[in-house]
Amino acid sequence: MLDPTPYRELFPITRRLAFFNHAGVSPLNTRAVADMQAFNELCATQSISEYRPAMGAMQTDLRQRVASLVNARSADEIVLMPNTATGINTAALSLPLRPGDNVLVLDGDYPANIYPWMNLAHRGVLTKFVPQKNGGLDLNLLESRIDSHTRVIAMSTVVFATGFRNDLVAVGKLCKERGIYFVVDGIQSLGALPFDVQEAQVDFLAAGSQKWLLGPIGAGFLYVRSELMHELGAGPYVGAGSTVDGMNFLDYNFTLLPTAERFNLGSANALGQAGLRASLALLQEIGIERVAERVLMLAGVAIGDLQERGFTLSASAAPEHRSGLVIP
């Protein structure tokens, strides 16, 4: 079992608070703060031509770390994003959806994975809500709502309002069998619980860094399955960073990159990315499996205590549905 004592020292807030709100915004750790301060120092003392190589190396390392975190095939399937909603919008607006298609979402899911699909109504794409059962996904109910026009299933790894961990491996299998795109919001579990995009057969996975990934607000990523790339459009926006010859500014060669970097518009929040890289390095130093063991142990203690006090939980307390969120 993980001894958290040496790592707790990296979070100064714990000197005065028992912090319980990672589902909202986590406090920053001192390693992330130090790396962000070091990046600011570079920006203050060097020109962009001098610190660009260091920034590029940091971003490359971050994409490789994200790829390892979610078991992507390579860093080419990862593009850095400012938040979850930007990633989900990128998926919604790059997929080849047509009038009459529909998207299935879980009722009660967070708006970041609802509104981007509702926003397609003007294109004739319908968003259909699947009711929750016991605080989360009922696979049989989901399957019953699929029809011949269902092109996308979009949902979160963990329901933000109940803490229910959805069985996304089963959903991914269902999507694969039916030829349906699978889009996942991972922000309420990544960093706390393992997730494997290959095992769950995910097409897109988006997450910001400010919750269980312990990073700053305004940094995140999008995973895009490489085999899907040839089916995708440019997405909601394009910039020089989206193209194969982006630094040749006046050639106007509008050939999109064959990797997830086609969704990279150009200048990014490198400061936030430096903080996320440091936090992800910390989590991977500890090991996500060890983190998950600790998180689920604490969740079990909280569940037992609440039940003894007569509280009713928002979601099923079955071990397979538990997460880091315990909500009475």
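The following paragraphs lead through a predicted model, beginning with its sheet and moving outward to the helices and to two individual residues.

The UniProt record, in an unreviewed entry, lists residues 20–320 under "domain: Aminotransferase class V". In the model, this span is 37% helix and 12% strand, and its end C-alpha atoms lie 22 Å apart.

Seven strands form an open sheet with mixed pairing, and reading across it gives the order β1-β7-β6-β5-β4-β2-β3. At the edges stand β1 (78–81) and β3 (126–130), and because each has a single partner strand, one side of each is left without a neighbour in the sheet. From one strand to the next, the twist averages 20°.

Starting at the β1 edge, β1 pairs with β7 in the antiparallel sense over four bridges, and within this pairing Leu 80 stands opposite Phe 221 of β7. Although β1 is an edge strand, both of its faces are covered, since Ile 78 and Leu 80 on one side and Val 79 and Met 81 on the other are all buried. Moving inward, strand β7 (residues 220–224) is joined to strand β6 (residues 204–208) by five bridges, again in the antiparallel sense. Here Phe 221 of β7 has Ala 207 opposite it. Helix α4 (residues 84–94) lies across this part of the sheet, covering β1, β5 (181–185), β6 and β7, and runs at about 155° to β6.

Further along the order, the pairings described next are parallel. Strands β4 and β5 pair in the parallel sense over five bridges, with Val 152 standing opposite Tyr 181 of β5. Strand β4 (residues 150–156) also runs parallel to β2, to which it is joined by four bridges, and β2 in turn pairs with β3 in the parallel sense over five bridges. Val 103 illustrates how β2 is held between these two strands: its bridge partner in β4 is Val 152, while its bridge partner in β3 is Thr 127.

How far are these inner strands covered? In strand β2 (residues 102–106), five of the five residues are buried, so the strand is largely enclosed by the rest of the structure. This burial involves both faces, with Asn 102, Leu 104 and Leu 106 on one side and Val 103 and Val 105 on the other. Strand β5 is likewise mostly covered, with five of its five residues buried; Tyr 181, Val 183 and Asp 185 point one way, and Phe 182 and Val 184 point the other way.

Tyr 181, which has its place in strand β5, deserves a separate look. Its relative accessibility is 9%, and because the threshold for burial is under 20%, Tyr 181 counts as buried. Leaving out residues up to four places away in sequence, Tyr 181 touches Leu 95, Pro 96, Arg 151, Val 152, Ile 153, Cys 175, Asp 203, Leu 228 and Glu 231. By contrast with these contacts, Leu 193 is 12 residues from Tyr 181 in sequence, yet the two are 23 Å apart in space, C-alpha to C-alpha.

The side chains can also be viewed as nonpolar cores. The largest of these has 57 residues, of which Leu 142, Ile 153, Val 171, Phe 182, Val 202, Leu 205 and Phe 221 touch the most other members. For Leu 142, leaving aside neighbours within four places in sequence, the contacts are Leu 104, Val 130, Leu 137, Ile 153, Met 155, Val 171 and Leu 174. Apart from this core lies another, of 26 residues, which includes Ala 92, Leu 120, Val 125 and Ala 206.

A helix pair completes the picture. Helix α2 (residues 30–45) and helix α8 (residues 270–286) pack at an angle of about 145° with their axes 8 Å apart, and α2 passes α8 in a right-handed crossing. On the α2 side, the contact is made by Arg 31, Ala 32, Asp 35, Met 36, Phe 39 and Asn 40, while the α8 side includes Ala 274, Arg 277, Ala 278 and Leu 282. Of these, Arg 277, located in helix α8, is buried, with a relative accessible area of 18%. Not counting residues up to four places away in sequence, Arg 277 touches Asp 35, Met 58, Asp 61, Leu 62 and Arg 65.

Key
Residues are numbered from 1 along each chain as its sequence is written. This is a predicted model: local features need pLDDT of at least 70, side-chain atom pairs count only at pLDDT 80 or more; totals for chains, interfaces and linings use all residues. Side-chain values use heavy atoms; hydrogens and water are left out. Two strands pair if DSSP finds at least two bridges between them. Axes are lines fitted to C-alpha atoms, for helices over the stretch in contact, and angles run from 0 to 180 degrees between N-to-C directions. Contact means heavy atoms within 4.5 Å. UniProt positions are given in the numbering used here, feature names are shortened, and annotations may be inferred rather than shown by experiment. A nonpolar core is a set of buried Ala, Val, Leu, Ile, Met, Phe, Trp, Tyr and Cys residues joined through side-chain atoms within 4.5 Å. Buried means under 20% relative accessible area, exposed over 50%, partly exposed in between (1.4 Å probe, protein chains only). A crossing is left-handed if the near helix is turned anticlockwise from the far one by less than a right angle, and right-handed if clockwise.
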